[in-house]
Structures are given as C-alpha cells and as structure tokens.
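Student: I have a structure open in front of me and would like to learn how to read its features. Could we go through it together?

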Amino acid sequence: GTQPQLFDLTIDPSETKNLAASNPEIVQRMHTAVVQWNEQLPRDAGDPNWTPTTVAGALPAGKFVNPVGEGADPWVIRDPNASRYLWCMSEGNRGIAIHSSSTVTSMGQKHVVWTAPDTGPYSQQVWAPELHFLDEHWYIYFAASDGKNENHLTYVLKSATRDPLGQYELHGPLATGDGVDRLTPNEWSIDMTVLKTGGKRYALWSGWDQLGSDRQYLYIASMESPLKLVGPRIKLCENDDYLWERLEPELGQRGLNEGPQVFQAKGRTSVVYSCGASWLPTYKLGLLELIGDDPLNPDSWVKRPKPVFSATPTVYGVGHSSFVKSIDNRQWWHIFHAKRDRQAGWRRAIFVQPMRVGKRGFPLFGEPVDAGVILESPSGSKPSAGSFSSQKFDYFGHHQLIESLPTGIGLGRVPESPVNEFRSGEKVVFSGSVPRDFVAHAMIGFLGVDQARDAGILFRTTGPSVGYDAQRGYFAGLIPRTNLVILGITDGSSWNELARAKTSIDVNKQQKLAVQVVGNTVTISHNGEQKIQHTDPTYSRGRIGLRVVDTHARFSNISVSPVQNESGFKATGRQAKPAANSPNN
C-alpha cells in the first residue's frame, strides 16, 4: 500500500524529507483524525454538482484515464499533412523518437528517427526535443551535451523529405550566446521552441546568463531560417520576480525559468514557462503575455503575478507543457509531465487533460486531474478500427523497458544505463477489436531466470494507463518462481486473485500460454494442458494485451482468433481441445 508521508512545511516547503518513519505517533494521530473527519462528510463533500468518478465494469467507450505514458518534456503536434498526432520524445537520453497516434490520449507507435553518436559534443543528455513543420520540412530542436550538463547546446535535425518519420540531417549547434554573433562565447541552452508572430519567426529557449553560472533565464532571438539565429539574444525577464519561481519559495533561493511554450488564440500570444526546480514537487507553470508589437523588447512582455498551473497534493512536479487541438478542432488539450514520487528526482509520467481558452485568448488550465480519474476522450476521437493486430499497440511503462524484437515484444528489460527508470507493471495493449468469445495464444520466454515473477496475457482490458494494476480487465499469467498459473482481475488500481493452479515452468524453454473466453467462462492452458477454468461476469469486452510484473520476459507467436460456436473449446480431461468447427482445428 501507499507509504505514509509527513512533512514539516515550515522548514521543508518542497516536501523533500519524509518524517513519517521517525514520528509514528503523529502519523497515527493525524490518520485517525482524517478518517473520522471523512466519515462525517456528506458524499458530495459540499458540491451539489458532484458525480461519482468511478464506474463498475469496463471503462465506457469514449473515456480514458491518466497517465497515458512515461517520460518528460512532452511535445505533441498535429501533423498538418495527415490526420494524426506526432509525439516527439527523448529516447533514453541518447536519441530521439517520434510516436504517431490517431489520438492525443495515446502515444501510439514509436519510431526512433535519430540516434546520438557514441562520443562527442552531442552524444549524451539529449533533452526536450521539439518537432516543427517549417518551409515544407520537419525540424527537431533539441539540447545535447558530451555528458557534462555545463556543455549543453541546441542542435537541429532537418528532415530529408516531408515525411516526419524519415531521414534527418544534423545541424548545429545554434549560436545562443552573447554578442551580435552569439558565439563570443556560445552559451548553455536547452528547451528551444519557435514563436511565429507578425510574419516573422523567433527562437525561444532557456539559457545561462554566462558560462558556468547555472542561472537559467528565458531568451529570445530572431530566426533568419529554421537553422540560423540572427542578432543578439535578448533576456525576456528576470527569473525570480516572485518567490514561486525560485527553487524553493524563499528569499535566499535562486530563480529558474525554462521550458517556454507558445500559446496563441484569438489573436493573442502568450508564453507558458516552467519554473522552480524540476526535480521537486513544487515545479509549476508561469505565463508571459505579449502586450507589445516587438517580441524582442522585454517591455513587450508582462508576467502573471501568480502561477497558472500548480501541483495538488496528489499530482505534483507538473511542468513542461504542450498544447494541441482535438482532431475536430473543437477543443484544446494540455499535455504535461508530473513526478512519480515526492523524492527529489526526475522519474515522471505524461498526463493529458482538457483546457479552456479565456475571453482574451489566454490559456486556462484549471488543476491537474488525478491519475485514474475517468475523463471524456477528445471530441472527434474515433475508436480503434479493424481487428486484432500484434503489430499495432499502445505501451504503458518506462520507455527503456520495452524491446522491439524480430519475432515479438520484450517487456521489463532494464538497460545497462537506465534514465530515471521505474517499474510499473509494464504492458502493451494491442489495437483493434476482439471478438466477445476468443482464444488468445502467446509464447513466453523467461530467459533462464527461475525467480522471475508474472508474465502473461491481459484480456477484456479497458482504461489502461501507467501503473501496476492500472487497467480494468483480467490477467492470466505464469509465475516461474512459484510454478503457478494464475488468473486475476484488476479494477484500475488494485488486484484481486480469482484462481491459481500448480504447474511446471522450465525457464530455459519457451512456454505456451493460452486463454479461451466463452461468455463469462475463462479457460487457461499451459503448454497444451488445461490448468484453470473460472467464471466471472465483471468484464464482457475489451482489448488484448501483454503484461509483466517486475520481470523481463519475451513474447512471440501472439495470436487471437474467434470461437465461432456456442460451446467453443471442449475440455477432455485436463486437456483443452478445440471443437470440431473451431477455426484452430
């Protein structure tokens, strides 16, 4: 369960030191008081418009829950040449991937479009890539270094064609220092984006004011072309005008501004920026309004006196946003990252939620919506078309814990040098519809690890998100370390075992797992032998997927086929055999 948390906000406002373990009496006293208080509240907690945020059974069509993926600094853009979204993300800090998806609530299929060299000035720490379509080419702006943060500069990839998933050529570094040429010297820079206003283009980024200072400000410069900046760089504003912009909200702390993102609506331009410490729960968003005609003049910008998007007790470390419209252009959507835990660090996940635009054209974000809360899908979204395909899927887990293999998919592999890695019950959920009655097969390799935990098949699954039990549906798995076949059910946040059976699992050989579903009856076979038969009416529909729990496993020969007669498989003794008219017979 969740560990208790206790912080002394008078000396630790960013909640970095958990005092619960050393103060059990205080924890128990406060817990008891909260429980008693909750019991006295009316169900609507004083809100006459309250409605339950949970539903029984499968997640209804047209709904989704957060977080939709893992990662940081999300950049999402509508493809102007196709009906799809393109997510541009760092790939293990050593490359750049573009994910293509039909919806903003799913990252979709990953395509690694650039891999950093083994050594050199842009070989490591590849941060915050952004994809822009300019002058009939795609450009990816990103920061990289030789492994030392103080050497971060901005580089650009230019596409060879109009295909965003095709070949790219590297350019840079861009000149982001002081002086007319901005090269005397070139200065540390990250988080570059493009502002288009008044028929001109400008580059915006976060940079140090001088070599080695570690003081981050927002800068702007004119763009002669997508590959070249001209004129001096201009500091847009101070980074510590307000206490909430500082690493800690205290006078002795330094300010930090980064992650500028342009928002334009109703003829108005604003820049939403991240501030504070990205590694702490207090990370948040501020906003600059463009009130003048010349964006290169700092007097043309006005800073909002309060943050425009801040943490809640349950969603914290929020920042580095991007904004896109729904596929039918009726809604605006806000994509941002949030921390996975309160400890200092950069383990983060991606959240998506609707936003509004105010009467004057500025963004209205509201508060971060909790993980697991049911949200309406963006307007114009269409359900997955076609039948089951093992080639198309959504992945939920740390991006370095999945392998694309010639024969299938690997889940749970921890690389030699992971970047902010965390376990979350890594899973893929395949695209396309699945018959109500079906048979699903998968071969599972445990790579010789006899202490491996669960690996198996998800079925009748809806509402998947990042998290161990963050899906609604059933799971049939193999557990080598206890030689068990197991069947369980999850409701989006918790696991309940339905049945188990002893078996023999040779971790040095491929294991065949089969799940047959007819009506509400589930039959599970291991290596051709029926092990479990159980009836449960909770879920009657959903997609097929694969899942591991703290395990590295490789899946191959993944297939799904319909059961075309009412009885489906006929069990003979312990061996489940297909009926005479089964498509697999």
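**Reading the salt bridges**

Tutor: Let's begin with one pair: Lys 228 and Glu 224 form a salt bridge, with their closest N and O atoms 3.6 Å apart. This is a predicted model, where local features need pLDDT of at least 70 and side-chain atom pairs count only at pLDDT 80 or more, while totals for chains, interfaces and linings use all residues. Residues are numbered from 1 along each chain as its sequence is written, and side-chain values use heavy atoms, leaving out hydrogens and water.

Student: What is a salt bridge here?

Tutor: Side chains of opposite charge can pair when their charged atoms come close. The rule asks for a side-chain nitrogen of Lys or Arg within 4 Å of a carboxyl oxygen of Asp or Glu.

Student: How many salt bridges does that rule give?

Tutor: The count comes to 25. One of them joins Glu 91 to Lys 110, with the closest N and O atoms 3.0 Å apart. Glu 91 sits in the loop between β4 (85–90) and β5 (95–101) and Lys 110 in strand β6 (residues 109–115), so the pair ties together parts that are 19 residues apart in sequence. Strands are DSSP runs (E, at least two residues), and helices are such runs too (H or I, at least four), numbered from the N terminus.

Student: Are the partners in these pairs buried or exposed?

Tutor: Relative accessible area tells us: buried means under 20%, exposed over 50%, and partly exposed in between, using a 1.4 Å probe and protein chains only. Glu 91 is buried at 18%, while Lys 110 is partly exposed at 32%. In our opening pair, Lys 228 is partly exposed at 42% and Glu 224 is exposed at 53%.

Student: What about Asp 341 and Arg 347?

Tutor: They form a salt bridge too, with the closest N and O atoms 2.7 Å apart. Asp 341 is buried at 15%, and Arg 347 is partly exposed at 34%.

Student: Which residues are linked in a network of salt bridges?

Tutor: Asp 241, Glu 245 and Lys 303 are linked in this way.

Student: And what does Glu 150 touch?

Tutor: A contact means heavy atoms within 4.5 Å. Leaving aside residues up to four places away in sequence, Glu 150 touches Trp 188 and Trp 208. Glu 150 is in the loop between β8 (137–145) and β9 (153–159), and is partly exposed at 46%.
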